[in-house]
Amino acid sequence: MTELTVVIPTYNEAGNLPVLIDRIEKLGLNCEVIVVDDKSPDGTGEIAKRLNSTYGNIRLLSRSSKMGIATAVRDATLVSCGEFIAVMDCDMQHPPELLPSMLAEARSGTDMVIASRYTRGGEPNMPAIRSAISRFATGLAHFMIPHTRHIRDPLSGYFLFRRDAVDIKKVSSRSYKVLLEILASRNLRTSEIPFSFGARYSGKSKLCPTELLRYMGLVLRLSDYRVAKFIAVGLAGMAVNEGLLFLLEPHAPLLLASAVAVEASIVSNFIMNNSWTFRKRVHGAILNRLAKYNAVMIAGALLNVGILGILVFLHFEYLAANFIGIIFAFGANYLGSESVVWRLELPLG
Ligand code: GDD
Ligand code: MN
C-alpha cells in the first residue's frame, strides 16, 4: 500500500519538474507523485509521462484548461492512493527534503502538518512588497476566520494531511489558498514545521494581482460574510441614531436626546446582529448578551476617544485622528462581539 501521495499542480513548469522529481525520488519514500497539469503549453505534461517511464511512480492528471491550484489539489486527492497527501509547488520554493519530517509528524497523530514560513525558525525570504501583501493577507485570515488564529501560516502552499481527516470535496474555489479552505471546513489537529521559503528555480510565478481580490472574496465567504454583515448593521445603526435624534430633539434636552438615540441604536444593532450576523452562535440568556454587547460598544467608544486624544496630541488633524479611532473601535467592537457576546461554544460552527 502507498503511504504518501505527493500532489504537484503544474502550469508551465518544464524547467522545474525533472529537478523536483529527482530530489523527491532521492528521499526513498513509499510514495506516488500526482502531477496535475492544466494543459501547459510548454509540455510539462509530456515531461511527467517521460519521468514515469524512468521512475514508475509518477501519475499525470491532465485537465483541459487552467483551473487553479485549489481544484487541482482536490481532483488529485480524489484519485490518490496514499494514506497521507502532501501538496507542494513545482518550483523548488518548497524543499522536498522536509517531507520525511512532515510525514513523521502526521504519523504521530497530527491531521494537518503545515510547512510554515512564519513559525519560529521559518524564513519567508520574500521581496518587501510580496512580504507585506502576505502579512496583510495572513492578518485578514486571522481576523475573519477565528479557527485559523492559532496557525502562524494558514496561507502556506506546502502542507501534508491525513486523507481521511479532510473533507476535500468542500474545496471549490478558483483561489490559490487551498489550505485555508481545508482549515475552514473542519476542525483539525494541526502543527507547523518551520522552513525556509526558497527562490523560484526556473520559470515565473503564476500569482497575479487579481489573486488578491479573489482571496478577499474567499475569506469573506469562508467567514460566512460576518464582517460585511457587521458593517451593514453598523450603518443601519447610524441611521437609527440620526433619525431618533431628529425626532426627539424638539421635545428633550439635546444631550439626553442623544443618549437615548445612542442607546436605541445599540439595541437595534444588537437585535440585527443577534438575528442575522451571528445567528448561528446564539445561545444563553438574551439580556445577558445585550448587557455584554453594551459593554463592548462602550469599550469601543472609549477606545475611539482615546486614540483620537493621543493622535491629536501627536499633531494629527482631528478628523483624520477620529477616522483612525473609528477603524480601531470597529475592529474592537467586532472582535468583542465575536469572542465575548456571541462566543463560539464549539470550535467550528
Ligand atoms: N494545475 C495548475 N493549474 N497548476 C497551477 C495553476 C493552475 O491554474 N496555477 C499555478 N499552478 C502551479 C504552479 O505551476 C506551481 O507549481 C504551483 O502551482 C504554485 O504556483 P506559483 O506560481 O509558484 O505560486 P507562488 O509561488 O506565487 O505561490 C505559492 O506559494 C505561496 C506561499 O507558500 C503558492 O503555493 C501559494 O498558495 C502559497 O501561498
Ligand atoms: Mn511558487
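**Exercise 1.** Which residues coordinate the manganese ion (ligand 2), and at what distances? Work out also how these donors are spaced along the chain, and whether Asp 89 and Gln 93 are buried or partly exposed.

*Solution.* The structure is a predicted model, and every value below is computed from it. Begin with the donor atoms: Asp 89 and Asp 91 each contribute an OD oxygen, while Gln 93 contributes OE1, and the distances run from 2.0 to 2.2 Å. Next, place these donors on the chain, where they follow the spacing D-x1-D-x1-Q. Finally, turn to accessibility, for which buried means under 20% relative accessible area. Gln 93 has a relative accessibility of 9% and therefore counts as buried, whereas Asp 89, at 23%, is partly exposed.

**Exercise 2.** Describe the surroundings of ligand 1, starting from the shell of residues and ending with the polar atoms that approach its oxygen atoms and the share of its area that the protein covers.

*Solution.* The shell comes to 26 residues, of which Glu 13, Gln 93, Leu 155, Lys 177 and Lys 206 are the closest. Sorted by character, the shell holds 10 nonpolar, 6 polar and 10 charged residues. Gln 93, listed here among the closest residues to ligand 1, is also a donor to the manganese ion (ligand 2). For the polar atoms, take the side chain first: an N or O atom of Asp 89 lies 2.7 Å from an oxygen atom of ligand 1. The backbone supplies further partners, with a polar atom of Pro 9 at 2.8 Å from an oxygen atom of the ligand and one of Gly 157 at 3.1 Å from an oxygen atom of the ligand. As for coverage, ligand 1 has 740 Å² of accessible area on its own, and the protein covers 99% of it.

**Exercise 3.** Compare the settings of Tyr 334 and Glu 3, giving for each residue its place in the secondary structure and its contacts beyond four places in sequence.

*Solution.* Tyr 334 belongs to helix H11, which spans residues 318-341, and with a relative accessible area of 0% Tyr 334 is buried. Its contacts beyond the sequence neighbours are Phe 143, Arg 226, Val 227, Phe 230 and Phe 278. Of these, Phe 143 is 191 residues away along the chain, yet the two C-alpha atoms are separated by 9.4 Å. Glu 3, by contrast, sits in the segment before strand S1 (4-10). Its contacts outside the local sequence are Asn 30, Gly 82, Glu 83, Phe 84, Leu 103 and Arg 107, and with Arg 107 the side chain of Glu 3 makes a side-chain polar contact of 2.6 Å.

Definitions and conventions:
Residues numbered from 1 in each chain as written. Chains lettered and ligands numbered in written order. Predicted model: local features only at pLDDT ≥ 70, side-chain atom pairs only at ≥ 80, totals over all residues. Heavy atoms only, no water. Near = heavy atom within 4 Å. Polar contact = N/O pair within 3.5 Å; in protein donor to acceptor, adjacent residues only side chain to side chain. Areas by Shrake-Rupley, 256 points an atom, 1.4 Å probe, with all protein chains shown as cover. Nonpolar A, V, L, I, M, F, W, Y, C, P; charged D, E, K, R; others polar. Donors = N, O, S within 2.8 Å, 3.2 Å for Na, K, Ca; no water. Buried < 20%, exposed > 50% of the residue type's maximum accessible area, 1.4 Å probe, protein only. Helix = DSSP H or I, 4+ residues; strand = E, 2+ residues; numbered from the N terminus. Contact = heavy atoms within 4.5 Å.
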